[in-house]
Amino acid sequence: MLYGLLKRGLLGPALHVVFRPQGEGVENIPESGPVLLVANHQSFSDSIFMPLLTPRPVKFLAKAEYFTGHGVKGWFSKGFFAGVGSVPIDRGGAKAADAAIKTALRLLDQDQIVGLYPEGTRSPDGRLYKGRTGAARIALTARCPVVPCAISGTEKVQPTGKLVPKVYPVTVTFGAPLDFSRYAVGLWAEVHGTEHEHTVLRAVTDEIMQTLAEMTGSEYVDRYASDVKKAPLAPPEAQAAAAGNAGAPEPSSRI
């Protein structure tokens, strides 16, 4: 109820008037049944504009801390995340990933749309980073349509670390559902729980990320974004210069 009130009555109309976000390929969202919506992740605002332009409610998995805060800020945080369809997940435990996957599968079993960011965290620099295999595991287990979603403009609306958004055009593009039936029917049952499981999960994940790279036009980086945040990459220009100098002789230390 709150989701619909925010989207159609309180928040949604204002966002449409101010930002004029554009939704493309909306017809690729199945009208009913379970759907796994996978998207690139550049900004906190992704979780606002993507469901705003999706014709059906979207459930996101959000960290439990968003629902347990105190005071006015805690009340607002809980109300907002509940209102946009987020489901609290405790990400602090050793089996947090398993709990998130089970929750996603439960929601899909209820014929809902589950929104996921395969990168696992926001991109630190606008490039597209290596995907985590959780989305692939969910897709193969649930055997549901996987709709790729390319979000652009939100990195300008609300860059990481910025609280106050700027007005900037936002476009959310929904691609044709990805077909993983060649894995889900037979093969996944055979490799599940074996040493070959990760190979299949990585193949599916890489196909998802390749599709998102093509849709967004973003440079793809074969590293996890969370690792890059701990040890940042050099800017692309510096990497190119380093590559160009790789074969050059070292300067002599002798005069």
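**How the labels are earned**

Tutor: Let's start with R182 and E207, whose side chains meet in a salt bridge with an N to O distance of 2.4 Å. The pair links distant parts of the chain, with R182 in helix α8 (residues 181-184) and E207 in helix α10, 25 residues apart. Before we go on, this is a predicted model, so local features need pLDDT of at least 70 and side-chain atom pairs count only at pLDDT 80 or more, while totals for chains, interfaces and linings use all residues. Residues are numbered from 1 along each chain as its sequence is written, and side-chain values use heavy atoms, with hydrogens and water left out.

Student: What makes the meeting of R182 and E207 a salt bridge?

Tutor: The term asks for a side-chain nitrogen of Lys or Arg within 4 Å of a carboxyl oxygen of Asp or Glu. At 2.4 Å, the pair of R182 and E207 meets that limit, so the name fits. A search of the whole structure finds five salt bridges.

Student: And what are α8 and α10, as names?

Tutor: They are DSSP runs numbered from the N terminus: a helix is H or I with at least four residues, and a strand is E with at least two. The protein has twelve helices and nine strands.

Student: How do you know whether R182 and E207 are buried, exposed or in between?

Tutor: Buried means under 20% relative accessible area, exposed means over 50%, and partly exposed is in between (1.4 Å probe, protein chains only). R182 has 46% and E207 has 23%, so both count as partly exposed. For the protein, buried residues make up 41% of the 255 residues.

Student: How do you know that R127 and D125 form a salt bridge?

Tutor: Their closest N and O atoms are 2.8 Å apart, which is inside the limit I gave you. R127 is buried, because its relative accessible area is 9%, whereas D125, at 39%, is partly exposed.

Student: Which class of exposure do D206 and R202 belong to?

Tutor: D206 is at 33% and so counts as partly exposed, while R202, at 13%, is buried. Salt bridges that share partners also join D125, R127 and E219 into one network. As for D206 and R202, their side chains meet in a salt bridge of 3.1 Å, N to O, and both lie in helix α10, four residues apart, about one turn of the helix.

Student: Why are α6 and α10 called roughly perpendicular?

Tutor: Two packed helices are described by the angle between their axes and the distance between the axes. The axes of α6 and helix α10 (residues 197-216) are 8 Å apart, at an angle of about 100°. That makes α6 roughly perpendicular to α10, because angles of 65 to 115 degrees get that name, with under 35 roughly parallel, over 145 roughly antiparallel and the rest oblique. The axes are lines fitted to C-alpha atoms, for helices over the stretch in contact, and angles run from 0 to 180 degrees between N-to-C directions.

Student: Which residues make that contact?

Tutor: From α6 they are A136, R137 and L140, and from α10 they are E197, V200, L201, V204 and T205. Contact means heavy atoms within 4.5 Å. In α6, the buried residues include A136 and L140.

Student: What makes the phi of R143 worth a mention?

Tutor: Most residues other than glycine have a negative phi. R143, just after α6, takes a positive phi of about 55°. R143 is also exposed, at 56%. D111 is not a glycine either, yet has a positive phi of about 65°. D111 sits in the loop between α5 (96-109) and β5 (113-116), and its 43% makes it partly exposed.

Student: What makes V17, V18 and V167 a nonpolar surface patch?

Tutor: Patches are made of residues with over 30% relative accessible area and no salt bridge; nonpolar side chains (Val, Leu, Ile, Met, Phe, Trp, Tyr) are joined within 5 Å, and like charges within 9 Å. V167 has 58%, so it is exposed and passes the 30% limit. The patch covers about 280 Å², and accessible areas come from the Shrake-Rupley method with a 1.4 Å probe, where for residues only the protein chains shown count as cover.
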